[in-house]
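Okay, thanks for squeezing me in. I'd like to walk you through one model and how its parts fit together, so let's put it up on the screen.

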Amino acid sequence: MAVSQCERDSNSCPNRVEPRREAVSGEAVFLFIRGVTDLATEGIRMKWLKREINAIFERDPAAKTLLEVLLCYPGLHALIFHRVAHALHRRGLVLLPRLISQFSRFLTGIEIHPGAKIGAGLFIDHGMGVVIGETAEVGDNVTIYQGATLGGTGKEKGKRHPTVGDNVVIGTGAKILGPIVIGESARIGAGSVVLNNVPSHTTVVGVPGRIVIYDGERVPSVDLNHVSLPDPVAEMLYCLQKQIDDLRFQQERCLKEGKAR
Ligand SMILES: CC(C)(COP(=O)(O)OP(=O)(O)OC[C@H]1O[C@@H](n2cnc3c(N)ncnc32)[C@H](O)[C@@H]1OP(=O)(O)O)[C@@H](O)C(=O)NCCC(=O)NCCS
């Protein structure tokens, strides 16, 4: 095919459009530098890093020295990588943050999507197998043990991962799925599968997750819907039914005794 004058001498062509790839990569480099600069500024202040390190000392009796914490805690490493990836993600980059997230996963076994919003003082203990999805939100002072998942159910778009309140503990291997809310100071038992909202100050265990402790009180397990809060009306109906059964039993016994006489 013949090459036009315009294509041969591209600089002289009035309709010449700069290739988008160049513009995009230039923007990417700019955003990357800005992201790293922001992070360095924040890092120099050392506030968030100090808080993450303190969280490890507060919640892991095995942590002895600062050097040990800096070198041997994959949860801390994953959070540092996530900090960079999330800063770039917020500036609209897609591939670079994902690559950082995947590299972090390769090193630590913890996969945090760059879009996930993570609060201060998160402690990911041991870490291997932890997955935190794109639209997940994690509050302050949360503890997550190995193998826990904050995942989507794979059906919906938009917000599809859990929102976890402050001071929540998520046990090893727990699966929290869907755009549900885990109230503050809730505790999710090891191995639980949680598909519904969890009120604050409750303990949830099992598959599917059911509330076993509410505000420090054990929740009785009779005639209750285990996935939601105790239902006083259901309990009352249960008591009434029991009384009716007792009365019917007594009435029948009286009738039998009367006939016998
Ligand atoms: C859920 C958890 C926080 C509950 O602790 P707790 O408040 O002390 O509650 P209890 O141990 O009194 O348990 C309450 C009830 O839930 C049951 N239960 C506790 N954890 C459970 C679990 N993971 N799966 C199923 N049932 C569980 C208990 O057997 C008990 O049942 P009962 O009332 O019929 O006896 C705790 O058991 C847990 O799973 N923590 C996670 C720890 C973890 O992942 N560690 C990893 C370290 S590497």
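Right, one caveat up front: this is a predicted model.

Let's begin with strands. Five of them make an open sheet, and the order across it goes β1-β4-β7-β10-β13, with parallel pairing. The edges belong to β1 (111–112) and β13 (193–194); each has a single partner strand, so one side of each is left without a neighbour in the sheet. Within that sheet, take β4, residues 131–132, and β7, residues 149–151: they're parallel, and two bridges hold the pairing. If you want one bridge to click on, V131 is partnered with T149 in β7.

For anyone who wants the background: strands in a sheet pair by way of backbone hydrogen bonds, parallel or antiparallel.

And we do get the antiparallel sense further along the chain. β14 and β15 pair that way over four bridges, and one pair to look at is T203 with I213 in β15. These two strands form a hairpin with four residues between them, where G206 has a positive phi near 90°. Then β15 also runs antiparallel to β16, residues 217–218, joined by two bridges. There, Y214 sits opposite E217 in β16. That's a hairpin too, with two residues between the strands, and D215 in the turn takes a positive phi of about 55°. If you're checking backbone torsions, G206 and D215 are the ones I'd point at on this slide.

Now, the ligand. How many residues surround it? The answer is 14, and the closest are G171, T172, G189, A190 and V205. Two elements give two or more residues to that shell: β14 (202–205) and β15 (210–214). So much for where the shell comes from; what's its make-up? Five of the residues are nonpolar, seven are polar and two are charged.

Last topic, the packing. In the largest nonpolar core I count 41 residues, and the ones with the most contacts inside it are L122, I124, I144, I170, I176, I182 and I188. Among the elements supplying at least two residues each are α3 (47–59), α5 (74–90) and β3 (123–124), and α5 has the largest share, with eight. This core also takes in at least three residues from domain 1 (25–115) and at least three from domain 2 (122–230). Zoom in on L122 and, leaving out residues up to four places away in sequence, you'll find it touching L79, V138 and V142.

Okay, that's my tour. Over to you.

Key
Residues are numbered from 1 along each chain as its sequence is written. This is a predicted model: local features need pLDDT of at least 70, side-chain atom pairs count only at pLDDT 80 or more; totals for chains, interfaces and linings use all residues. A residue is near a molecule or strand if its C-beta atom, placed from the backbone, lies within 6 Å of it. Ala, Val, Leu, Ile, Met, Phe, Trp, Tyr, Cys and Pro count as nonpolar, Asp, Glu, Lys and Arg as charged, and the others, Gly among them, as polar. Two strands pair if DSSP finds at least two bridges between them. A nonpolar core is a set of buried Ala, Val, Leu, Ile, Met, Phe, Trp, Tyr and Cys residues joined through C-beta atoms within 7 Å. A residue is buried if 20 or more other C-beta atoms lie within 10 Å of its own, exposed if 12 or fewer, and partly exposed in between; C-beta atoms are placed from the backbone. Domain bounds come from an automatic or database domain assignment. Two residues are in contact if their C-beta atoms, placed from the backbone, lie within 7 Å.
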